[in-house]
Amino acid sequence: VSKVVGTVSERFFFRRSAGPGWALVGDAGHHKDPLLGWGIGEALMQAKHLAAAVRAGGEAALERYWRQRDVDALARFRLGEDRGAQGSINPVFPVVMRKMVGVPGLPQQMSRETEWEPNPYELLPVGKVARWTLGAAVRGRPGLILDFLRQGRRASAVQGELKERRKLLEAVA
């Protein structure tokens, strides 16, 4: 038993994770908010992919490892930013969490999380979340529509960034 220890401010980042004769895994190469609890699992996945790159040999294999790591980790990194930000709970989130229970096949989809699939921003169809949001808005919470639109803009920005990182990966693949 000890005192509770925490941090006031952390720096979250992506950095170049491979070069001639060296490579980084886990928080050394990319550090995200620990709130979501994906750190060690993601570090182990990266180590597995790095081992394959080392077996393949060459600088190109190491760069592919690094670029694939960026693609694999980006959505969860941005989700950690969103969920870990002070005052960040988007009011649409609890509405969606309550409704998710009744979505057929969703628990199986979410169980693939250990394999880093699916992208959390693509887990639910936008139309379905829009219907849930509109339903809650009609039942007395009209402010949810603006919150939904803000979240939609954020998801769109993440998808755009992901597209750019995939281009970088394709350039070395």
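A residue counts as buried when its relative accessible area is under 20%, as exposed when that area is over 50%, and as partly exposed in between. Keep those cut-offs in mind as we walk through this structure, which is a predicted model.

Let's start with E164, whose relative accessibility of 45% makes it partly exposed. Its salt-bridge partner is K167, and the closest N and O atoms of the two are 3.4 Å apart. K167 is also partly exposed, because its relative accessible area is 44%. Both residues belong to helix α6, where they sit three residues apart, about one turn of the helix.

That pair is one of 11 salt bridges in the structure. Another one joins R154 to E81, with 2.8 Å between the closest N and O atoms. Here the partners come from separate helices: R154 is in α6 and E81 is in α2, so this salt bridge ties together parts that lie 73 residues apart in sequence. R154 has a relative accessible area of 26%, so it is partly exposed, and E81, at 30%, is partly exposed too.

Now compare a salt bridge with buried partners. D70 and R69 are paired, their closest N and O atoms being 2.4 Å apart, and both of these residues are buried. If you follow salt bridges that share partners, you can trace one network through R69, D70, R78, E81, D82, R154, E161 and R165.

R69 also leads us to a loop. S17 lies between β1 (13-14) and β2 (18-19), and its side chain makes a polar contact of 2.5 Å with the side chain of R69. The S17 side chain also reaches the backbone oxygen of R15, at 3.0 Å. Is S17 buried or exposed? Its relative accessible area is 0%, so S17 is buried. Leaving aside neighbours within four places in sequence, the residues in contact with S17 are W22, A23, L24, G29, Y65, W66 and R69.

Helix α2, which spans residues 59-84, holds another arginine to look at, R67. With a relative accessibility of 16%, R67 falls under the 20% cut-off and therefore counts as buried. Beyond its neighbours within four places in sequence, R67 is in contact with L168, L169 and V172.

Next, find helix α5, made of the 13 residues 126-138. From its first C-alpha to its last, α5 reaches 18 Å, close to the 18 Å expected at 1.5 Å a residue. Its buried residues are V129, A130, W132, T133, G135, A136 and A137, and what covers them includes α3 (92-100) and α6 (144-172). After α5 comes G140, which has a positive phi, near 110 degrees.

In soluble globular proteins, nonpolar side chains tend to be buried together. In this model, the largest nonpolar core has 14 residues, and V92, V96, M100, L106, L124, V129 and W132 have the most contacts inside it. Helices α3, α5 and α6 each supply at least two residues of this core. To see some of these connections, pick out V92: away from its neighbours within four places in sequence, V92 is in contact with V129, T133, L144, D147 and F148. Apart from this core lies another, of eight residues, including V71, A73, L74 and V172. You have already met V172, as one of the contacts of R67.

Definitions and conventions: Residues are numbered from 1 along each chain as its sequence is written. This is a predicted model: local features need pLDDT of at least 70, side-chain atom pairs count only at pLDDT 80 or more; totals for chains, interfaces and linings use all residues. Side-chain values use heavy atoms; hydrogens and water are left out. Helices (H or I, at least four residues) and strands (E, at least two) are DSSP runs, numbered from the N terminus. The expected span of a helix is 1.5 Å times one less than its number of residues. Buried means under 20% relative accessible area, exposed over 50%, partly exposed in between (1.4 Å probe, protein chains only). Contact means heavy atoms within 4.5 Å. A polar contact is a pair of N or O atoms within 3.5 Å; within protein, one must be able to donate a hydrogen and the other to accept it, and residues adjacent in sequence count only if both atoms are side-chain atoms. A nonpolar core is a set of buried Ala, Val, Leu, Ile, Met, Phe, Trp, Tyr and Cys residues joined through side-chain atoms within 4.5 Å. A salt bridge is a side-chain nitrogen of Lys or Arg within 4 Å of a carboxyl oxygen of Asp or Glu.
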